[in-house]
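Please look over the structure shown here. I would like to go through the terms used for it and the values behind them.

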Amino acid sequence: MTLELTLVIAALLFVVGVALILLRRNLIFLLLGIELLFNAAMVIALAGGARWHSATGQVLVVFMMALSGAALALTLALLLRVKHELGGDSVDDLRLLREEVDE
Amino acid sequence: MMILLILLLLLIILMSGAALLVVNDPMHGAVNLGISLLALSILFLLLGAPFVAALEVMLYVGAILVLFLFAIMLLRSPLKVREEARWRRGFWWPAVLVVLLTVVLILLFGQRPDLQVTIQEIGPASVGRALFGPYLWLTEAVALLLFAIIAAVLAIHRRDAHDT
Amino acid sequence: MAYNPTLLPLLIVASAALIAFLADALTLGRFMPWLGGASSIAAGASIFVEHMALGADLYWDLSASLLGIYLSLAVAAGLFFIAFHPITRKMTGSLVGLLLTLLVGSLILVSAQSLLLLFIGLELQVLPFFALLAWPGSGRAALESAFKYALLAGLASAQFAIGVALIYLGDGSLAVIPPMGDMTANVFGMMGVLALLVALSFEIAAAPFHAWVADIYQGAPAPFLIFLGGVGKVAIMGALITLVAATPKLEIPVAIIAATSIVVGNVLAYRAGHLRRMLGYSAIAHAGYFLAALAAGPLGIIAAAIYALVYGLMNVGTFMGLSALPENSIAIPWSALRERQPVLAGLLGLTLLALAGMPPSIGFFAKLLVIIADVHDQAYWLAILLALGSAFSFAYYLSALWKPAVLSNPERLLRRRSWETFAALGIVILLFAWLLMPYGLS
Amino acid sequence: MILVTVLILLPWCAALWLSAQKQAGQRLAMTIALIELLLTLILRFAPDSMGTLGHGLHIPYLGGLWTLHAGPLGSTLALLCALLIPVSLAFAWRLPEFRSLASAVLVMAGALFGIFYAQNVLMFYIFYEILALAGAFLILRSGHKNRAAALQFLLYTFVGSLLFLVALVVVYVLHGQQTGVYNFSILQLADTRISAGLGIWLFLGMVAGLAVKMPLFPLHSWAASGYGHAAPAGSVFLSGAAVTAGAYGLIHFAIPMLPQAALEFAPVGIILGAIGTLYGAFLALNAANLRLFAAWASVSHMNLVALGLFALQSQAIHGSVFLLIAHGVVSAGLFGVVSVMENRGLTGEWAGLGGLFRRAPRLGAWMLFFFLAGMGLPGLANFPGEFLSLAGAFRVLPWAAALATLGILAGVVYFLRAYERIMLGPLNHTLPETLKDLQQGEWLLFWVLGLLTLWLGLDPQVILSHLGILLSTHSAELIQGGGHGV
Amino acid sequence: MNEWLFLVPGFPLLGALLNAILGEHFAPRQIGRMAATMPFLSTLVVFAIWMTHGSAPNLHDQVWTWMAVGHFQASIAFHVDQVTLVMISIAAFVGFLIHLFSQQYLKGDYGERRYYFYLNLFVGGMLILTMADNLLLLYLGWETVGLCSYALVAHWYRKQENAWAGRKAFVVTRIGDTALALAIFILFAEYHTLNYSPLFAAVAASPDHLALLIAGILILIGAVAKSAQFPLHIWLPDSMAGPSTVSALIHAATMVTAGVYLCIRLYPIFAAVPGMLWVIGLSGAFTAFYAATCGIAQVDIKRVLAYSTISQLGYMFLGVGIGAPSLGLFHLLVHGCFKALLFMGAGVVIIIYKENHDIRQMGGLKKQQPFLRWTFLAGIFALAAVPVISASFYSKDAIIAASFIVPGGKLLWVLALLGAVFTAIYAFRLYFLVFEGPEKPGEPYQMGWGMKIPLGVLAVASIGIGWLQFPPGWPGPKLWLPWLAPELGMPPAPAGGVNIFLQVAGSVATLIGIAIAYKAAQWEREGRGLSRIAFLFNAWFFDRVFLRIFPPIWYALARVLDRFLEQAGFQLLLLGGLKDGFGLGSRVLESGEDGLLSRYASGMILGLVVLLFIAWGYLL
């Protein structure tokens with residue numbers, strides 16, 4: 001069978017992930033977007049594994065899962081503290097550090 | 001027959017992706033993500049990687065998604081369910097960017113080599129052998145990383161640390 | 001892959017990291033900086049010993065070992081330095097542990113020859129920063145900067161993963177220099193390599209991906225910036241060197257990114273009022289100079305390696321100086337600093353001049369090497385752009401020297417006897433290290 | 001060899017020591033300055049001191065960085081700078097910010113000596129940058145603490161000098177490719193074969209870098225604000241000694257490296273010099289206060305030096321070098337007069353001056369003396385230089401030199417108008433009552449400068465005969481032959 | 001004798017140097033006496049030269065090489081030949097007389113030491129100028145003299161107009177200096193030498209007409225500016241603001257004659273260019289006529305003498321122009337004597353009338369000052385060229401006569417004759433107004449011997465010196481022309497009938513002038529005099545026109561350059577533009593990151609998209 005469709009799925013996941021990050025206002029959706037990107041990577045890795053008939057594809061997927069999970073854990077921990085101390089959980093609340101253009 | 005199944009999976013992922021983009025409440029977002037992940041695990045099965053498909057269900061849907069739910073639960077202030085705006089303030093400019101991205105991916109997609117392939121089943125045994133064979137030190141490194149992450153998360157959330 | 005000598009440095013540092021993590025539980029945290037420092041020096045020595053050894057996936061070639069030794073020494077110096085900083089009074093064990101994982105990641109990044117190893121090295125090096133930037137004892141601004149960095153780094157590592165997967169899909173092997181020809185032979189390989197380039201140039205804050213750097217430099221606590229600027233960035237530059245060395249076709253995009261970042265970096269830094277933001281923006285410009293060296297063919301690779309090393313040194317010097325200042329200082333209170341920490345003030349002044357490229361310092365000779373490489377590669381326009389960029393950099397670096405900020409209460413300036421020795425060592429290196437440079441070349 | 005090394009490093013250590021101390025340290029600075037003067041005298045007139053003094057610090061790809069060569073031109077200019085250090089320090093004796101001014105001047109002096117004795121172009125470049133940086137600090141720390149003026153000076157010099165660096169590296173790489181020897185010493189780089197088109201661009205880069213220091217016409221606007229905001233005592237050194245670096249760089253490094261391009265650039269250089277001379281004269285006429293007046297006068301003279309230098313003709317180049325030295329002494333006198341007046345509380349605005357001759361006849365006499373020297377009166381220092389430059393340039397491009405000769409007329413107009421506004425006419429009632437005439441110290445200083453000006457004016461051979469062949473042997477035949485005869 | 005030549009200019013320069021160094025420690029009286037002895041010593045040396053080499057002086061003294069670069073060889077070398085001998089004797093002797101005169105004239109005035117310093121420097125500069133053997137040394141003397149005239153005219157600097165008059169003198173003469181410098185450049189560019197003899201040989205060998213024409217014109221401009229000839233004469237009337245002794249020395253005897261000396265010295269250059277000499281003659285004749293017309297309408301005693309100097313110099317230029325430089329030199333000698341006498345006399349008259357220069361308020365001084373009256377009258381006789389008894393009859397009328405027979409000289413002759421008439425008018429009008437007529441008593445003033453000797457000597461000279469050269473056809477010594485012949489050649493001499501007609505015409509012109517002068521003096525006393533003609537009084541309004549055109553343009557150009565090119569051009573556009581450009585650029589880029597997280601992310605994705613496009617376009 002041809003892998004075009006798999007790649008189309010991966011491309012779809014990639015575009016949706018990027019759209020989520022760029023467009024949504026709530027921070028949780030941004031994190032969801034990042035997860036989608038990682039899944040797209042996994043699909044491509046497996047397509048590669050299938051194409052070259054080697055287990056490396058699956059090893060890649062395992063590592064990606066581990067690392068994406070780790071990154072997510074840390075980001076969520078930070079998100080909780082941000083919600084607690086900076087009070088907002090949307091993208092616009094993060095305005096403490098900016099160039100005081102009118103200085 | 002295989003093509004039909006993959007098309008169905010494509011449709012499901014498309015549906016849940018669109019829902020994800022549009023839905024308002026983060027809880028619904030997480031659920032939609034779960035649906036697309038399950039569809040993906042079926043795709044992995046088709047690609048001849050049963051171990052990874054299982055892992056996808058257990059690790060991804062089970063652990064990471066649950067993590068999300070916990071986070072949402074902790075973040076959600078139970079008092080009011082306010083109708084917050086979905087899209088970021090400057091909406092149009094990034095939207096154009098996303099469209100451009102899809103256009104360039106389609107253009108590049110046109111120049112792909114032929115991808116006709118016969119699927120061979122690669123069981124968990126060979127993956128295990130690979131993980132602890134040639135990639136042994138890599139797994140050790142990931143182990144070290146995970147351990148460091150645990151220490152890091154603990155450090156961030158020490159109760160008495162909020163004295164600044 | 002079985003054990004072979006090239007893995008020795010990583011093992012030393014990894015084991016020290018684990019011990020450090022445990023130490024917190026056994027309340028032995030106070031001694032951890034010294035242990036950490038000793039282990040990184042040992043790692044540096046071991047790299048020096050098996051110089052030019054080719055491991056399964058690790059290859060300590062000239063530039064890799066040069067940067068590796070520098071990284072381990074920088075981390076050692078950093079650890080000895082922050083041992084006295086108030087921010088490390090709590091949980092020193094886990095702090096040192098995180099810093100050592102950072103070093104492991106950096107060493108892997110510098111010497112990796114396989115894409116997966118590169119990916120894990122990147123993650124090992126980036127993830128500790130999420131926590132370091134928001135370490136307890138740092139302000140709310142630090143927390144915001146940590147979260148921004150976390151999210152954007154997550155996006156970057158996702159792109160890196162997609163890149164690795166695409167290249168694997170393209171040519172079936174994870175090696176940076178695949179057996180049959182170039183990674184960018186087919187379309188997937190090319191897309192994958194570009195994704196890698198985007199992710200890595202995000203990490204060193206090159207132009208189109210530069211936005212995050214000013215906030216991080218403004219918000220993050222100064223001691224950890226020593227590691228972000230001095231160690232993290234240099235490791236990523238090492239990875240970029242191996243990547244570009246393997247795929248010559250990348251030189252055009254690298255040149256474009258270099259040009260944009262020189263222009264953007266200098267323009268933003270010229271107007272930046274806040275000292276730390278100005279340093280952030282100037283980091284963009286320096287990433288541009290590094291990439292300008294990278295885009296100049298074989299001689300360029302050596303020049304880039306030396307520039308990365310020199311840039312790291314200068315960053316370590318600058319942030320050592322800044323960590324003596326109170327957190328939210330807009331400008332450097334020279335008079336107060338001079339009384340309490342004369343040698344450190346000298347170091348800070350000298351590093352600013354070196355960053356600008358003042359001749360007797362190594363900053364100038366690194367830039368000179370980059371210009372020679374560019375000219376050798378007939379890329380005259382890049383050399384002229386670099387020259388103009390560093391000419392304007394004098395304007396904003398020296399205005400930082402000239403702005404007479406008056407400190408309300410001089411006591412808030414930290415005073416440490418041992419920091420003087422660090423500063424003196426730094427000054428000596430900055431002024432006379434260029435004597436060694438040509439010997440490194442030949 | 002050791003002598004020159006001491007000559008360069010001594011002022012730097014002294015500057016370091018000065019800035020570390022608390023009290024002003026006039027005595028220390030003056031002793032260092034006098035030692036420097038002694039050393040340069042020895043180097044200039046010691047029998048065997050000419051020629052290459054020694055090789056040091058040999059670095060594989062950069063060549064011998066510390067190779068020192070005491071050429072006739074270099075050691076003469078070093079003598080001039082060594083003379084100007086004690087003069088500038090003496091004028092600044094009672095300034096409140098003496099310490100920062102003295103340390104800046106000492107660092108500049110060390111850099112200048114490095115420039116004059118360097119044989120390696122990279123070493124020249126390094127000292128050139130240190131000179132520019134110290135100059136910026138001098139402008140910032142000594143005068144009105146005006147950051148914009150210092151920044152403008154800095155931007156001009158650094159953009160120029162970095163373009164010079166790029167041009168230098170291109171010549172270095174081409175030389176390396178042609179002969180396989182990668183070395184920055186001028187002897188090696190002098191005979192690289194460079195295509196005409198590229199040569200012109202390189203020479204433009206080098207001129208941009210060096211001509212900005214001696215303010216050639218289009219690159220001059222830093223001079224007004226620079227001299228205007230620095231303390232006049234600082235401007236004595238800045239306009240007297242620091243500008244010689246640019247001219248020396250052109251003669252000793254840029255022209256030998258690209259003789260063919262220099263020949264093609266000659267007409268443009270002469271025209272720019274001529275315009276600059278007149279432009280400086282007109283702006284001096286319209287200057288708002290005394291400092292700007294002296295600044296524009298200095299710019300006008302230095303453009304005349306540039307005119308002579310770019311004419312690449314034996315009389316012209318000897319004349320321009322002589323005018324460079326004469327300008328050093330005369331502008332020291334001019335700025336000295338300005339600083340003496342400012343020590344007495346006069347602001348330098350025209351409204352506050354007038355009829356000063358009645359109160360301070362000695363000051364009036366010396367001011368007239370230096371104004372006459374500035375005008376190019378024969379018998380005083382500027383005349384031989386001006387006349388030789390103009391006569392030489394006349395043979396290359398007659399109409400442009402004729403335009404510059406109008407500068408003689410313009411000189412009289414603005415100098416005498418200023419003298420009349422300050423010294424002659426009815427006594428200005430706003431002048432402070434306690435206006436004292438020149439004291440013993442200042443009087444002696446003016447006598448030294450005055451005698452030197454008179455001696456240079458009447459017996460220029462003392463310098464002209466020792467300059468030897470100014471253009472290095474290689475480029476001399478090319479220029480003399482292709483150029484415009486002896 | 002050669003090696004003593006440097007003493008001639010050496011003594012006055014030594015005097016100036018001593019004055020500068022030790023001046024403060026001595027009383028002005030001693031400084032004055034020391035200053036006076038210096039020109040006396042150089043007069044002695046000149047006298048010694050007359051004695052030993054009087055007949056054919058050709059001395060040379062190389063002191064030291066001034067500048068030597070390639071062909072540009074200029075050395076401090078003095079050369080004395082007939083012309084130079086005449087010039088240095090005038091400069092030294094008259095200079096000494098002026099020094100003697102000013103001992104008493106300026107006693108008790110402020111800045112006396114400064115006065116003697118510049119007077120000594122002036123005499124030294126004049127001697128260098130005349131004895132120089134190369135153009136560069138001449139230029140040195142030329143400018144030193146200009147400087148001293150500036151300083152001495154502005155001697156009483158406390159009044160603004162005196163300072164301004166000095167500056168005007170220096171600026172106008174400086175225009176001439178620039179022209180002279182350009183001429184020197186052209187000559188050096190063409191003939192590669194600055195010394196006279198090789199230069200004249202080269203010019204004779206290969207006369208390049210274009211270059212020599214331009215050089216000639218430029219030299220003429222230089223001479224015209226220095227000798228206050230027609231277009232550039234405006235500074236001389238104003239420089240009467242200085243003390244009368246200064247006017248006597250500088251604006252009568254020595255400096256103004258430098259221009260004539262230059263034309264005589266560079267005669268071969270002018271001769272090489274056809275038509276050049278006639279131009280000089282025309283400028284001389286016209287100036288003579290023009291200045292004489294202005295002279296008759298002046299009221300200030302010194303301005304009358306100033307315009308008379310301009311007109312007499314016109315005659316000297318006319319002499320050179322018609323090919324008779326020796327006659328020009330002769331008139332220069334004569335003029336030097338009587339004009340110095342007149343100025344010194346005028347100085348005493350001004351003191352008597354308590355600084356009041358207006359001759360209409362003067363009158364009948366002959367009774368009060370008999371000695372002054374007779375010496376002044378001798379000077380007036382010489383000025384008006386009264387036939388037979390005055391010296392200038394022999395020199396000026398000879399020039400007028402010679403101009404008649406020169407080809408194309410008719411126009412010059414007519415102008416010169418009219419000039420002679422007007423000269424006689426203003427000369428005797430001045431005499432009648434001041435000394436004759438109803439007596440207006442002034443301050444009693446007793447002239448000491450220091451003032452009487454110069455006046456007496458010059459009076460005798462202005463009568464007797466003419467007898468050196470009797471006109472052709474007359475009995476009596478003809479020494480002057482043959483003596484100068486070897487160097488300057490014989491002038492054209494009118495023969496037989498024409499000669500008599502010309503001499504008669506000259507004398508008749510003078511007598512008519514004296515008659516008109518008597519009537520003019522009476523009209524003047526009744527208030528209806530010639531001074532009411534505004535056109536002549538303001539010297540044909542030339543001064544006003546000149547001052548309204550050139551200085552304002554010069555200052556306006558300076559303002560325009562300063563405001564538009566410097567402030568607007570360089571500061572605003574170049575640097576301001578740069579700063580704003582940076583500001584604008586950074587604001588645009590900054591808006592891209594106002595701390596908003598997703599704005600950063602979109603930056604990254606934008607980078608990726610751009611790179612992918614490039615890859616799709618070029619790299620594949």
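What follows is a set of questions and answers on how each term is justified.

Q: How do you know which residues and chains the names refer to, and what kind of model is this?
A: Residues are numbered from 1 along each chain as its sequence is written, while chains are lettered from A and ligands numbered from 1 in the order in which they are written. This is a predicted model, in which local features need pLDDT of at least 70 and side-chain atom pairs count only at pLDDT 80 or more, whereas totals for chains, interfaces and linings use all residues.

Q: What makes chains A and B stand out among the pairs of chains that touch?
A: Two residues are in contact if their C-beta atoms, placed from the backbone, lie within 7 Å. Among the eight pairs of chains that touch, chains A and B have the most contacts. Their contact draws 65 residues from chain B and 58 residues from chain A. On the side of chain B that touches chain A, helix 3 of chain B gives the most, with twelve residues. That side divides into 53 nonpolar, eight polar and four charged residues, where Ala, Val, Leu, Ile, Met, Phe, Trp, Tyr, Cys and Pro count as nonpolar, Asp, Glu, Lys and Arg as charged, and the others, Gly among them, as polar.

Q: How far from chain D do chain A and chain B lie?
A: Chain A and chain D do not touch, and their nearest C-alpha atoms are 18 Å apart. No contact joins chain B and chain D either, and their closest C-alpha atoms lie 38 Å apart.

Q: Why does the radius of gyration of chain C agree with that of a compact globule?
A: The radius is taken over C-alpha atoms, and the globule rule is 2.2 Å times the number of residues to the power 0.38. For 442 residues a compact globule would have a radius near 22 Å, and chain C has 20 Å, so the value agrees. The C-alpha trace of chain C spans about 65 × 55 × 40 Å along its principal axes.

Q: How much of chain C is called buried, and what is its secondary structure?
A: A residue is buried if 20 or more other C-beta atoms, placed from the backbone, lie within 10 Å of its own (exposed if 12 or fewer, partly exposed in between). Buried residues make up 71% of the 442 residues in chain C. Chain C has 18 helices and zero strands, these being DSSP runs numbered from the N terminus (helices H or I, at least four residues; strands E, at least two).

Q: Which domains does chain C have, and what joins them?
A: An automatic or database domain assignment sets the bounds, giving domain 1 (1-111) and domain 2 (204-441) of chain C. Their centres, taken over C-alpha atoms, are 24 Å apart. The contact takes 20 residues from domain 1 of chain C and 26 residues from domain 2 of chain C. Helix 3 of chain C supplies the largest share of the domain 1 side, twelve residues, and that side holds 16 nonpolar, four polar and no charged residues.

Q: What makes a set of residues a nonpolar core, and which members touch the most others?
A: A nonpolar core is a set of buried Ala, Val, Leu, Ile, Met, Phe, Trp, Tyr and Cys residues joined through C-beta atoms within 7 Å. The largest such core has 762 residues, and those touching the most other members include A41(A), Y307(C) and M108(D). Helix 6 (residues 140-171) of chain C gives the largest share of this core, 21 residues.
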